[in-house]
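Welcome, and please load the model in your viewer. We will go from one selection to the next, with a short note on what to look for at each stop.

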Amino acid sequence: MQTSFLSQQFNAGFLAENSTACPANATICDGTSCVLPEDTFNQTLSVVLSTFLTIMLALVMFSMGCNVELKNFLGHIKRPWGIFVGFLCQFGIMPLTAFLLSLAFDILPIQAVVVMIMGCCPGGTASNVIAYWVEGDMDLSISMTVCSTLLAMGMMPLCLFIYTKMWTDADAIVLPYNSIGLSLVALIIPVSIGIYVNYKWPSKAKTILKVGSIVGAVFIVIVAVVGGILYRGSWIITPKLWIIGTIFPAAGYTLGFFLARLSGLSWHRCRTVSLETGMQNTQLCSTIVQLSFTAEQLELMFTFPLIYSIFQLLFALLILAGYRLYRRHSIKTKTDVEKTAPKDEKENSKSSAIINGGFVQDEMK
């Protein structure tokens, strides 16, 4: 009996010294099988992140609203050609692209479903910030974001019903209408206040906009970094989903731009539609996935929204850098031409630009 007691003491000492056998914070330990206390790090960080993001999002959308002219915004609502083109991109191009990518890479059914959910989500608010930096049409950008979020309540179930029938029962996917509703509130109220400020105090609105655009850029980076920390244990995933997560946003940006151009929209609106198409509401996608699937299924699919989020931001930054380089070269070239061209030739060039449209017209506005 004494030998048994000594043996238990030896085993306890061995386990305490050998951290690989049993962690020090284990509550129950039997050899290498240990029961650990619940890790509240993710839960705490998630609550802090949600609170912080809500406040930041409201401030950013308020500042973006300060760049919206009420007359132009209502003009897009009354003559919604740009919004309609965005609608075709958001709920036409993106779900179809998701479907084709899932078939082309022959991924697991449960993984195809998460790709489809991402493709059916409405546009994200980050697109408004990037649209500002690439000198897009902010009135169109915000109206598209609001309308796509509102229409998502009907279009998401329809698109998922059409495209996911071959992989799963569409009824198994839970759509968080409350989250979509909160997104709408978080969009409409701050933007409305920003529009009012721009109407009453335009000079102050410009200052708020400059500060808000910088805060918005920081906000996007913080979301990406903290999201990676929050889900640090979820990065082991099939290479096929990494490839799809890379191709998908790039396809959204490209196809959205070309469809907008084919529809006759001006260049700055093409940039806007492109960003609104490629930048999806990845937080909404993550919420739907968590509500709809088991822990075992989540291991195969949960990381995809994070992957998409990373690459949609990366490509958006590349678009921004490319546009800024173009602008710098364009202004330099235009200055050189104006210095050397005769006065009559300048006036003819300007009138031709107004008639023909295109890049020159946009930059002259």
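## A loop and its surface patch

Start by selecting Met-166, which sits in the loop between α7 (138-163) and α8 (177-200). Keep in mind throughout that this is a predicted model. Now add Leu-96, Leu-100 and Leu-103 to the selection: together with Met-166 they make up a nonpolar patch on the surface. The accessible area of these four residues together is about 370 Å².

## The annotated spans

Next, colour the segments that UniProt lists under "transmembrane region", in an unreviewed entry: 45-63, 83-105, 112-134, 140-163, 175-196, 208-229, 241-260 and 306-326. Two of them deserve a stop here.

Pick residues 140-163. This span is 100% helix and 0% strand, and 29 Å separate its end C-alpha atoms. Then move to residues 175-196, where helix accounts for 91% and strand for 0%. Here the end C-alpha atoms are 33 Å apart.

## Two loop residues with positive phi

Which loop holds Asp-106? Select this residue and you will find yourself between α4 (81-105) and α5 (109-120). The phi angle of Asp-106 is near 50°, a positive value in a residue other than glycine. Switch on the surface as well: Asp-106 is exposed, at 60% relative accessible area.

Glu-135 is the next pick, in the loop between α6 (126-133) and α7. Its backbone also merits a look, since phi of Glu-135 is near 55°, again positive in a residue that is not glycine. Glu-135 counts as partly exposed, with a relative accessibility of 31%.

## The cysteines

Finally, show the cysteine sulfurs. How many disulfides are there? The count is 0, with a disulfide taken as a pair of cysteine sulfur atoms within 2.5 Å. Zoom in on Cys-159, which is in no disulfide: its nearest cysteine sulfur belongs to Cys-120 and is 4.6 Å away. Is Cys-159 buried or exposed? Cys-159 is buried, with a relative accessible area of 4%.

For the last stop, go to Cys-270. Why does Cys-270 form no bond with the closest cysteine sulfur? That sulfur, in Cys-89, is 9.7 Å from the sulfur of Cys-270, which is too far for a bond. Turn the surface on once more here: Cys-270 counts as buried, at 0% relative accessibility.

Methods. Residues are numbered from 1 along each chain as its sequence is written. This is a predicted model: local features need pLDDT of at least 70, side-chain atom pairs count only at pLDDT 80 or more; totals for chains, interfaces and linings use all residues. Side-chain values use heavy atoms; hydrogens and water are left out. UniProt positions are given in the numbering used here, feature names are shortened, and annotations may be inferred rather than shown by experiment. Helices (H or I, at least four residues) and strands (E, at least two) are DSSP runs, numbered from the N terminus. Patches are made of residues with over 30% relative accessible area and no salt bridge: like charges are joined within 9 Å, nonpolar side chains (Val, Leu, Ile, Met, Phe, Trp, Tyr) within 5 Å. Accessible areas come from the Shrake-Rupley method with a 1.4 Å probe; for residues, only the protein chains shown count as cover. A salt bridge is a side-chain nitrogen of Lys or Arg within 4 Å of a carboxyl oxygen of Asp or Glu. Buried means under 20% relative accessible area, exposed over 50%, partly exposed in between (1.4 Å probe, protein chains only).
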